[in-house]
Each structure stands twice: as C-alpha cells, then as structure tokens.
Amino acid sequence: MDNVLTGGRGDPRHFEAQVPRQRPTATQTSGASTNQLRIDLPPIGAVGPHSASRISAVSLASAEWAGSVCHTEWTFHQLSPYIGKSKSSMAAALVREFTLPGHTVYEPFSGCGSIAFESWVAGCNVIANDLSPYANLLTRAKLFPYGSLELALDDLHRSAAAIKKEAKPDLRSVPKWVREFFHPDTLREILTWTAVLRRRRNWFLLACLMGILHHQRPGFLSFPSSHSVPYLRLRKFPREQFPEMYKYNQ
Ligand SMILES: C[S@@+](CC[C@H](N)C(=O)[O-])C[C@H]1O[C@@H](n2cnc3c(N)ncnc32)[C@H](O)[C@@H]1O
C-alpha cells in the first residue's frame with residue numbers, strides 16, 4: 001500500500017462529534033520491507049522530552065490495567081483480531097503517562113495499531129510502521145476512519161455497485177488450507193470484495209471485512225472456527241450435527 005491518504009477525524013466511538021481541530025495530513029512511505037504511516041498534527045505547545053526515569057513513576061499495577069475493557073474502550077480496538085496486541089487501557093495509560101498533545105509517537109511495530117490509535121486520540125503526531133500487511137491495514141483503518149457513518153455507507157454502496165462488474169475469482173489459485181475455511185460461494189464473495197476494496201483503497205471497510213472472517217457465531221463468514229487464531233472447529237461442530245454452520249447464506 002503505497003498511497004497517500006488524508007484522514008477524517010471524527011469520534012471513532014460513535015462516528016459523530018467531529019473534533020474541530022485542523023485535519024491531519026498523512027503520508028505513507030513504503031520501504032523494501034516495511035509499511036509506514038505518518039500523521040502530522042499541528043503542534044500544540046513546545047514540550048520537552050520526558051526522561052526515561054519517569055518509567056518508575058508509572059503505576060504498573062494500576063486498577064485500570066486489570067479486568068475487561070470490552071465495554072469501555074474505543075470500539076475501534078475491536079475492529080479485527082490481532083495476536084499480540086496491547087490491552088487498550090494499557091496503551092492509553094502509557095500514552096497518557098509519557099506524552100503530551102503535540103508530541104510525536106513513533107510506533108515501529110504497530111501491530112493492529114493500539115498504541116498508534118491511542119496516541120492519535122491523545123492529540124499526538126503518529127508515525128506507525130509494521131512489516132505485516134495485515135497489521136498495516138488495521139493500523140491504517142484506525143488512524144484514518146470515516147468522518148461519519150454516512151460517508152462509510154456511501155463508500156460501501158459504491159463498492160457494492162463495483163462488485164457487480166467484477167469477474168468471478170478462480171478458487172484454484174487459493175491454497176487448499178484457506179479454501180477449507182469457507183463455502184466456495186462465500187470465498188468467492190470475500191475475494192471479490194477484497195479486490196474491489198483494495199482497488200478503491202477503502203482500507204477501513206477492508207479492515208471491517210477482515211474482522212468478520214472467522215468465528216463460530218452467526219454473522220461471521222467462515223465455517224466454525226476460532227476468532228483470533230483461526231483454526232477450524234470441526235470436532236466441536238461436526239458437519240452432520242450442525243449443517244446450518246456449513247451452508248452458504250446469501
Ligand atoms: C507484539 S506485535 C505489536 C503490538 C503492538 N505494538 C501493540 O501495542 O498492540 C509485534 C509486531 O511487530 C511486527 N514486526 C516484527 N518484525 C518486524 C520488522 N522487522 N519490522 C516491522 N515490524 C515487525 C509484527 O508484524 C507484529 O505486528
């Protein structure tokens with residue numbers, strides 16, 4: 001992904017309440033083996049660097065680091081699973097402890113973008129980087145969300161119109177172990193949507209699609225599989241006993 005983007009700056013939790021600050025500009029440079037995203041926000045004030053000794057002042061056992069944050073974190077953290085992501089409350093606490101608005105945070109191993117996103121929310125400039133295209137996609141989606149639900153739906157409808165003109169993908173080019181996760185018709189639709197969303201650079205929508213690929217719950221696209229580390233759960237949900245979990249739902 002070697003494009004240059006400008007990001008909407010809405011309230012990610014509700015797609016509303018625009019932040020009336022100057023919009024960030026964003027550039028991405030892609031090196032031989034990395035994908036970099038950069039957001040430049042106007043500096044808010046001259047601030048000095050924090051000393052490393054401040055680490056001792058961080059309360060690592062703070063209550064806000066314990067327990068589930070599912071219902072209190074920004075929902076963007078739940079966009080799509082990622083192995084090894086920081087707990088969002090930890091990411092937020094670190095950003096709060098070590099930065100001020102206007103600081104620049106460099107996240108060289110951004111993963112799904114937890115620290116990058118919390119830094120952005122806190123008003124920092126963000127430079128994020130990750131080797132993995134999937135990580136890069138999720139970080140990008142979180143740093144450049146739509147400014148409103150209407151804009152997202154508008155793009156979704158435009159992409160849906162483009163889908164109709166797309167040729168059917170040939171599944172023979174897909175590795176067998178990938179094909180085993182999906183009904184062939186579902187996989188064809190996923191591949192078609194992926195091609196269109198990539199071409200249209202709809203990174204946020206593509207990240208949403210990634211987020212619904214794997215699970216055993218209705219509404220997800222795979223045959224019964226675990227969510228964060230996809231593996232098929234054929235023993236727990238045998239095809240004969242759970243035929244509805246294996247059929248194609250239009
Ligand atoms: C533990 S995850 C990062 C989690 C993230 N910092 C967070 O707080 O949620 C480690 C990341 O490092 C990335 N990575 C590993 N080697 C890399 C390299 N040489 N260059 C860039 N990214 C790399 C992996 O793709 C992975 O996403």
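**Figure 1. The fold of the protein chain, from end to end.** Helices here are DSSP runs of H or I with at least four residues, strands are DSSP runs of E with at least two, and both are numbered from the N terminus. With that in hand, the elements of the protein chain read β-β-α-β-α-β-α-α-α-α-α from the N terminus on. That gives seven helices and four strands. Please keep in mind that this is a predicted model. Of the 250 residues in the protein chain, 26% are buried. Among contacts between residues at least 6 apart in sequence, 56% link residues at least 24 apart.

**Figure 2. The shell around the ligand.** Here we look at the 15 residues that surround the ligand. G84, S86, F109, G111 and L131 are the closest of them. Sorted by class, the shell holds five nonpolar, eight polar and two charged residues. Two elements to look for are helix α2 (114-121) and strand β4 (125-130), each of which supplies at least two residues of the shell.

**Figure 3. Helix α2, wrapped by its surroundings.** Seven of the eight residues of α2 are buried, so this helix is largely enclosed by the rest of the structure. The buried ones are S114, I115, A116, F117, E118, S119 and W120. Just after α2 comes G123, whose phi is positive, at about 90°.

**Figure 4. A closer look at S114.** This residue belongs to helix α2. Is S114 buried or exposed? S114 counts as buried because 28 other C-beta atoms lie within 10 Å, and the cut-off for a buried residue is 20 or more. Setting aside neighbours within four places in sequence, S114 makes contact with H77, K85, S86, S88 and A91. One of these partners, S86, is also among the residues closest to the ligand. A further pair to find in this view is S114 and L138: they are 24 residues apart along the chain, and their C-alpha atoms are separated by 9.5 Å.

**Figure 5. The buried side of helix α7.** Helix α7 spans residues 203-211, and its buried residues are W203, F204, L206, A207 and M210. These residues cover an arc of only 160° around the axis, which means that they sit on the same side of α7. A general rule helps when reading this view: an α-helix has 3.6 residues a turn, so residues three or four places apart point the same way. What covers the buried residues of α7? The cover includes α3 (133-143), α4 (149-164) and α6 (184-199).

**Figure 6. The largest nonpolar core.** This core has 29 residues, and V126, A141 and A207 touch the most other members. The elements giving two or more residues to the core are α1 (88-98), α2, β4, α3, α6 and α7. Domain 1 (25-143) and domain 2 (149-245) both contribute residues, so the core lies between them. For a single residue to follow, try A207: not counting residues up to four places away in sequence, A207 touches L79, S80, L137, L138 and A141.

**Figure 7. R201, in the loop before helix α7.** R201 lies in the loop between α6 and α7. What is special about its backbone is a phi near 55°, a positive value in a residue other than glycine. R201 counts as partly exposed because it has 14 C-beta neighbours inside 10 Å.

Notes: Residues numbered from 1 in each chain as written. Predicted model: local features only at pLDDT ≥ 70, side-chain atom pairs only at ≥ 80, totals over all residues. Near = placed C-beta within 6 Å. Nonpolar A, V, L, I, M, F, W, Y, C, P; charged D, E, K, R; others polar. Buried ≥ 20, exposed ≤ 12 C-beta atoms within 10 Å, placed from the backbone. Arc of directions from axis to C-beta. Contact = placed C-beta atoms within 7 Å. Core = buried A, V, L, I, M, F, W, Y, C linked by C-beta atoms within 7 Å. Domains from an automatic or database assignment.
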